[in-house]
Every structure is written in structure tokens, then in C-alpha cells.
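Please work through the following exercises on a two-chain model. Each task is followed by a solution in steps.

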Amino acid sequence: MNHESYPDELIRSVLKNSKTIAMVGVSANDARPSYFAFKYLLGRGFRMIGVNPGLAGQTLLGAPVYASLAEIPEPVDMVDIFRNSEAAAGIVDAALEMKPLPKVIWMQLSVRNDAAAAKAEAAGLTVIMDRCPKIEYGRLSGEIGWTGVNSRILSSKKPALLRGFQKFTIDRR
Amino acid sequence: MTDQQAPGFSTIAIHAGAQPDPATGARVTPIYQTSSFVFDDVDHAASLFGLQAFGNIYTRMTNPTQAVLEERVAALEGGTAALAVASGHAAEFLVFHALMQPGDEFVASTKLYGGSINQFNHSYKNFGWTPKWADPDDLASFEAAIGPKTKAIFIESIANPGGVIVDIAAIAKIAKRARVPLIVDNTLATPYLIKPFEHGADIIVHSATKFLGGHGNSLGGVIVDGGSFDWLADKRYPMLSAPRPEYNGMVLAETFGNFAFAIACRVLGLRDLGPAISPFNAFMILTGIETLPLRMQRHSDNAQKVAEHLANHPGVKWVSYPGLKGDRYHNLAQQYCPKGAGAVFTFGLKGGYDAGLALVKNLRLFSHLANVGDTRSLVIHPASTTHRQLSDEQKTIAGAGPDVVRLSVGLEDVADLIADLDQALASA
């Protein structure tokens with residue numbers, strides 16, 4: 001699969017069909033990008049599970065945190081990797097040991113490991129690399145334009161509002 | 001990196017950033033004339049203040065009308081993000097504020113809008129930022145001006161007072177070797193004529209008051225982030241690469257990736273220095289941009305015909321317009337702006353200073369004022385107005401010698417413009 005660019009429809013379907021996301025490398029420091037993304041996705045209705053040995057056994061924003069993927073006692077749709085490109089290899093190996101298998105491996109902005117991606121794809125998983133699910137969600141819902149970011153999406157359709165103020169969703173009803 | 005095949009320029013000029021209003025379905029982007037925005041709950045407020053959620057707090061940072069303008073210009077330039085501010089000057093100021101520390105230097109082209117030269121030479125002294133001047137016709141002068149304190153290079157694509165095309169790609173190579181960002185003021189070209197990011201620019205600034213808005217009715221400025229500069233590589237830009245005390249130690253380049261520069265200008269510059277654009281002005285400029293490709297083509301076509309006419313006029317000594325064959329910048333114009341060389345240019349009268357004054361006085365359609373990029377044709381005699389405080393020698397170096405007249409050719413019927421110039425020249 002081509003990892004230089006992803007069609008919007010692929011990203012949209014990955015985000016729509018992933019209900020539970022395990023974020024490996026989540027931080028409890030509210031100035032860190034992994035904390036932001038975790039909090040944002042929680043607020044958009046995803047079931048979030050943290051993976052960080054330093055926070056294992058605690059909760060983060062009310063969500064559970066485990067030391068490793070192996071310890072997560074429930075099925076996970078997406079493993080989101082907030083570690084560097086080299087560390088991604090071991091995390092993908094661990095993800096491929098999970099039962100049931102996750103459907104998606106997502107590596108964060110600047111994280112890319114083509115060998116690990118090929119291994120996951122051979123096992124039937126979808127792999128997205130060098131992207132942030134928060135940014136992609138905000139881009140596809142239209143929210144990111146509020147910050148002057150070029151979403152590269154043109155549409156004559158009204159954005160879909162979530163409950164409350166200033167929240168869009170990618171789930172058009 | 002693009003995920004989709006890009007739509008065409010005219011489609012982007014009308015649609016980018018502007019979905020129907022989510023609350024009302026209004027198809028034209030509404031003027032959100034409000035200072036502030038209600039929070040959903042206390043946690044939402046905290047998330048917005050901590051930059052953890054997308055959304056609006058206060059119109060000094062973001063506003064939904066302004067945001068559509070930002071995304072529109074970012075898309076037209078092929079950038080990752082943009083920030084709209086009160087004026088072109090404000091845009092330049094916020095760019096340098098994000099890049100420079102006291103004691104730093106930047107290299108600037110000598111061929112710039114006079115207001116930019118003033119800002120760099122005088123206002124920036126108070127911040128300890130020093131311009132080193134280089135001549136875009138002599139690329140070695142850019143190399144020579146770069147030193148260990150250099151943080152950026154600043155040029156105009158089509159340079160004011162007109163008639164100058166700058167070799168963006170050549171200067172981009174110099175910037176890359178020096179590992180500093182290249183900032184291009186693309187006001188006179190607009191992305192319709194020249195797209196500086198395609199030639200290696202890292203940051204673009206605009207006075208949106210000119211051709212983007214296009215109707216001479218609203219001030220505005222835009223900063224566009226090309227997403228191409230690696231702020232974390234040398235860590236020479238602490239606003240982007242260092243933990244920011246303003247945001248609990250957040251590192252903007254790490255958090256916002258390839259649109260971190262636009263974010264830095266917004267949350268460190270605009271937030272604290274305050275030159276916000278009014279939502280009404282953002283709306284007026286957005287409306288102008290919808291017809292940008294049509295207008296820029298007509299502006300350039302009219303300017304070409306006016307320049308050709310003047311070049312053959314017995315009262316005219318010289319015309320500096322790169323669209324003319326034989327002009328010193330004609331080859332660069334063919335390379336950078338084959339659709340047209342813009343609408344602003346200068347020419348000289350055989351009768352010198354007095355003839356320049358008489359021409360301005362005799363014109364009936366051209367308006368005598370200090371702006372460019374209006375639907376109306378504009379004229380100014382720099383030696384008696386914008387540059388009158390300079391010595392004759394300084395005027396000549398600045399391209400504002402006693403015989404120089406600057407035109408900004410508008411969208412009127414070109415035959416009427418030529419007739420107006422002819423009658424004014426006849427009595428000049």
C-alpha cells in the first residue's frame with residue numbers, strides 16, 4: 001500500500017470504524033501532544049485506552065491505562081503509536097500478538113516504520129503512518145479550519161454538529 | 001504531501017474553507033461580528049485555552065469569518081495554514097516576531113515596498129532586529145549579507161514600485177544553504193500569477209488590501225505557512241522549538257507539525273501583540289478573492305496594453321514593465337509569471353519632475369493616491385509624495401527619481417485608460 005499519501009475516504013473510514021483506540025506512549029503531561037490527542041479523541045466519543053508503564057493502573061481523564069498492549073483485557077480496533085519510528089517495530093509485534101487482532105495500526109506524525117507496516121499489512125491490518133488522528137479528525141470534520149489550517153477539502157454540504165458548542169463530527173446523520 | 005488530487009485555482013478561490021454555516025445553512029460565509037464565543041463547559045474552556053481543542057475563544061486570536069479567509073489563502077498558495085491580521089505590515093511584524101530574538105539579523109531585498117523598508121530600518125531597531133540589505137539583481141550580495149546571526153531572508157516576488165521580478169528559486173537555494181527560512185511578500189503577484197512555495201519559499205506574506213481584496217475597501221494582511229521548514233533541526237527558533245512558558249512548556253513545532261509556524265504567529269504573536277483583522281474586513285476580502293483569477297488576468301492584460309502604448313509614446317522616456325519584450329526582467333517574467341507580469345509598474349517622462357506633476361494633475365480616470373491593487377486605476381508621483389523627504393540620489397536608488405510615475409492599472413476598459421493617459425500627457 002502507498003504510504004506517501006492516503007485518500008480522505010480511507011482515513012474517514014478508519015476513524016469511523018474504530019470505536020476503541022489503544023494509545024501507546026500516552027502522557028499525563030497536559031502540554032504533550034499525546035495528552036491532547038487522547039483527550040480530544042475521548043471527547044469525540046472514542047473509547048480510549050492508554051498504554052504507558054509509568055501510568056499503569058491509573059486512569060487518565062477517566063480512561064484506563066495499562067503497562068502494555070498484552071495487558072489490555074478487551075478488544076481494540078486501533079493501536080495508535082506515540083513512540084519513535086524504531087520503537088514502532090516492537091509495538092507492532094506486540095499488537096500482532098493481541099487476540100482478537102486490532103484492525104488498524106496508526107503511527108503518529110513523524111513516526112514511520114515501513115518494515116513494521118509491511119508485517120502488519122501481511123497480517124491483514126490497515127496501516128496509517130506519519131499522521132495524527134486528532135488532526136485528521138479535525139480536518140475531515142471541518143474543525144481544523146477554525147485555526148486557519150488548509151484542510152484541502154472543498155464541500156458545499158453543511159458540517160455535522162456534535163452536541164454543544166464548537167464541535168463537529170465525521171458521523172453525518 | 002497531499003492526500004487528494006488538487007482542484008483548480010478558480011474552484012479553490014470560491015470554495016476553500018467555506019462550507020455552509022453549520023448553524024443556519026447560510027451559504028455565504030457570515031460576518032461573525034462578535035468579540036467572544038461561549039464555552040460548552042468549563043472543561044471545554046480549559047481545552048481551548050490550552051490549545052488542546054480546535055475552536056474560538058476571542059476574536060483577537062480566532063474568528064470564524066477570519067478563519068475562512070485564512071484557509072482560502074492557504075489553499076490558494078498551496079500552504080499548510082495561514083493567519084489573517086489587520087494589515088500587511090502587521091503580517092510582516094508577526095512573522096519577524098516569531099523568528100527573531102534581540103540581536104538577530106535578517107537579509108532583506110533592497111527592492112521592496114517603501115513602507116517595508118521603513119518598518120525594517122526604523123521600527124525594528126527597538127526590538128534589536130537588524131536588516132542587512134541585498135540587491136536581488138546581484139545574488140552574490142545575498143550570500144555576502146548572511147552571517148551567524150541571520151535568521152531569515154525577505155524578498156518580494158514582483159517588487160514595488162513595480163517592474164522588478166525576483167529570482168525566487170535562486171534565493172531559495174541560498175536560504176536553504178544558510179538553513180534559514182525564505183519569506184516572500186507575494187502581494188503584487190498574488191498566487192494567481194506566482195506561487196512562491198513552488199519555487200522554494202518557506203513563508204509568504206500578503207497585504208490583502210491590494211489584489212486579494214482587490215476593491216480598495218478593506219485593510220488586511222495574511223501570513224501563509226509553507227510547512228517546509230524544519231524548526232527542530234537547529235533549534236535556532238525558540239518560539240517554535242523551545243518549551244513555551246506561555247503554554248505550560250508546550251513545544252509548538254512538535255505539537256503542530258507542519259503548520260506550527262502559523263500557530264506560533266497566532267498564539268504567541270497575534271494573541272499578545274494584538275493586530276487582529278476585523279471580521280467585516282475579512283468578509284470583504286473573502287468576497288474579493290472569489291474573483292481573483294478573473295481580476296488578476298484582466299489587471300495584467302490591461303497593464304500590458306498600457307505599458308506597450310506608453311513605450312511607444314513620444315513624451316515617455318522609458319517604461320519598466322517585465323511584460324515588455326526587451327525589458328531586463330522579461331526572461332524572469334516568462335519563467336515566473338507567464339500569465340502576466342502584474343498591474344503595477346513605473347515609467348519616466350522626458351519632461352522630468354514638472355511633467356510628472358502635470359501628468360498626475362491632468363489625469364481624469366486615474367486616481368492620485370497611495371495604494372495599489374484596486375479595481376480603479378491609480379497613479380502616484382513618488383518624488384513629490386511618498387519619497388519627497390529623500391535626496392535626489394536616494395530617490396533614484398529607490399526607483400523614485402524625479403521623472404518616475406507609478407501606475408496601478410485597474411479593470412476599466414483599457415481604451416479609456418489609454419485615452420486618459422494620452423490626453424494627460426498631451427498637456428503635461
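The exercises below treat a helix, a sheet and the contact between the chains.

The model is predicted: local features need pLDDT of at least 70, side-chain atom pairs count only at pLDDT 80 or more, and totals for chains, interfaces and linings use all residues. Residues are numbered from 1 along each chain as its sequence is written, while chains are lettered from A and ligands numbered from 1 in the order in which they are written.

**Exercise 1.** Determine whether the length of helix H3 (residues 85-96) of chain A agrees with its expected span, and locate its buried residues.

*Solution.* Step 1: helices (H or I, at least four residues) and strands (E, at least two) are DSSP runs, numbered from the N terminus. The expected span is 1.5 Å times one less than the number of residues. For the 12 residues of H3(A) this gives 16 Å, and the end C-alpha atoms are 17 Å apart, which agrees.

Step 2: a residue is buried if 20 or more other C-beta atoms, placed from the backbone, lie within 10 Å of its own. In H3(A), Ala88(A), Ile91(A), Val92(A) and Ala95(A) meet this criterion. They cover an arc of only 105° around the axis (directions from the helix axis to the C-beta atoms), which puts them on the same side of H3(A).

Step 3: an α-helix has 3.6 residues a turn, so residues three or four places apart point the same way.

Step 4: the buried residues of H3(A) pack against strands E1 (20-24), E5 (78-81) and E6 (104-107) and helix H4 (114-122) of chain A. Contact here requires C-beta atoms, placed from the backbone, within 7 Å.

**Exercise 2.** Describe the open sheet of chain B and the setting of strand E1(B) in it.

*Solution.* Step 1: seven strands of chain B follow the order E1-E9-E8-E7-E4-E2-E3, with mixed pairing; two strands pair if DSSP finds at least two bridges between them. E1(B) and E3(B) (130-134) stand at the edges with a single partner strand each, so one side of each lacks a neighbour in the sheet.

Step 2: five bridges join E1(B) to E9(B), and the two run antiparallel. Ala84(B) has Val222(B) as its bridge partner in E9(B).

Step 3: Ala81(B), Leu83(B) and Val85(B) point one way from E1(B), Ala82(B) and Ala84(B) the other way, and all are buried.

**Exercise 3.** Which element gives the most to the side of chain B that touches chain A?

*Solution.* Step 1: the contact takes 45 residues from chain B and 34 residues from chain A.

Step 2: H3(B) gives the most to that side of chain B, with six residues.

Note on methods
Two residues are in contact if their C-beta atoms, placed from the backbone, lie within 7 Å. A residue is buried if 20 or more other C-beta atoms lie within 10 Å of its own, exposed if 12 or fewer, and partly exposed in between; C-beta atoms are placed from the backbone.
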